[in-house]
Amino acid sequence: MFAVLGNWKSFGSNRCVDDFYQALTIHQHKSTQWGIAFPYPYCQAASTKRQGWVGAQNVSAFGEGAYTGEIHAAMLTDCGCQFALVGHSERRQYFNEPSSQLVDKINALHEAGLTAVYCIGETLEQRDAGQLMQVLQDQLRVLDGLSNPEQLWVAYEPVWAIGTGRAATPQDAQDAHTIIRNALKGSPFHHVPILYGGSVKPENAAALARETEVGGFLIGGASLKADSFSEIYLQFTQTKSS
Ligand code: PGA
């Protein structure tokens, strides 16, 4: 299974959600699931459109309880979500999410029957210092001891490519995905799809999709508009089936 997912971050409105679904031109391809990770308040409304998957961008590491401001995994299921992002670099960077919480978040999603999209990636400093492999392997250690490979996708998102307009080259993506695939060997996750994220656009989608280890995309800015998201989905599915 491949996946093309959007991440609306802290953008959008009820109106944007309606407009988005109205303007979408996606014909679901059986090999490639699509979905959008919305801000929490829009998940329920998006799920009533019954098109693609609806996801959240985060989830509480805790279950039900006195945790003011938290949204737990069963609430996401209740609001029609099928997946949630975990460990997006913006959450690691601005909200100091520790690895111990990321494990709990993935476990919570799995218990609620949801797919976790586990995001990893290096900063430019780490890449320039030759630490790419080490960083990815360290971040993947979060998966040690977890199971449920059918409910986990990995997203490789180099921090320097996110929101910068400077996507990884197809070769950079293939190399990093190969490191990830090798690191997952021998674990229950050795076959999971590895999505690429970071400045994916209609113009670079086909070239990235041509790489064998690119099993989908996680798209930020270009997922806010139905036409660019639909076009990326089309480019991806056409490339993979050609
Ligand atoms: P971008 O964001 O496509 O705007 O670079 C990707 C992401 O953060 O998931």
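**Note on the ligand site and an aromatic cluster**

1. The ligand occupies the second largest pocket. Keep in mind that this is a predicted model.

2. The shell comes next. It holds 13 residues around the ligand. K9, H88, E157, G163 and S199 are the closest of them. By class, seven shell residues are polar, four are nonpolar and two are charged.

3. Three side chains deserve a look for their polar contacts with the ligand. In K9, a side-chain N or O atom lies 2.8 Å from a ligand oxygen. For H88, the distance from a side-chain N or O atom to an oxygen of the ligand is 2.7 Å. E157 also places a side-chain N or O atom 2.7 Å from a ligand oxygen. As for cover, the ligand taken alone exposes 280 Å². The protein buries 94% of that area.

4. Now the aromatic side chains. Across the whole structure, a search finds 13 aromatic pairs. One of them joins F20 and Y21. Their ring centres are 5.5 Å apart. Their planes meet at 85°, over the 60 degrees cut-off, so the pair counts as edge-to-face. Both F20 and Y21 are buried.

5. The F20 and Y21 rings also belong to a wider group. Ring pairs connect them with W8, W34, F38 and F229 in a cluster. Check this cluster in the viewer alongside the ligand site.

Conventions
Residues numbered from 1 in each chain as written. Predicted model: local features only at pLDDT ≥ 70, side-chain atom pairs only at ≥ 80, totals over all residues. Heavy atoms only, no water. Near = heavy atom within 4 Å. Polar contact = N/O pair within 3.5 Å; in protein donor to acceptor, adjacent residues only side chain to side chain. Areas by Shrake-Rupley, 256 points an atom, 1.4 Å probe, with all protein chains shown as cover. 1 Å grid on protein atoms, 1.4 Å probe; cavity = no way out; pocket = protein on both sides within 12 Å on 5 of 7 lines; lining within 4 Å. Sits in = over half its atoms within 2 Å of the grid points. Nonpolar A, V, L, I, M, F, W, Y, C, P; charged D, E, K, R; others polar. Phe/Tyr/Trp six-rings, centres within 6.5 Å; stacked < 30°, edge-to-face > 60°. Buried < 20%, exposed > 50% of the residue type's maximum accessible area, 1.4 Å probe, protein only.
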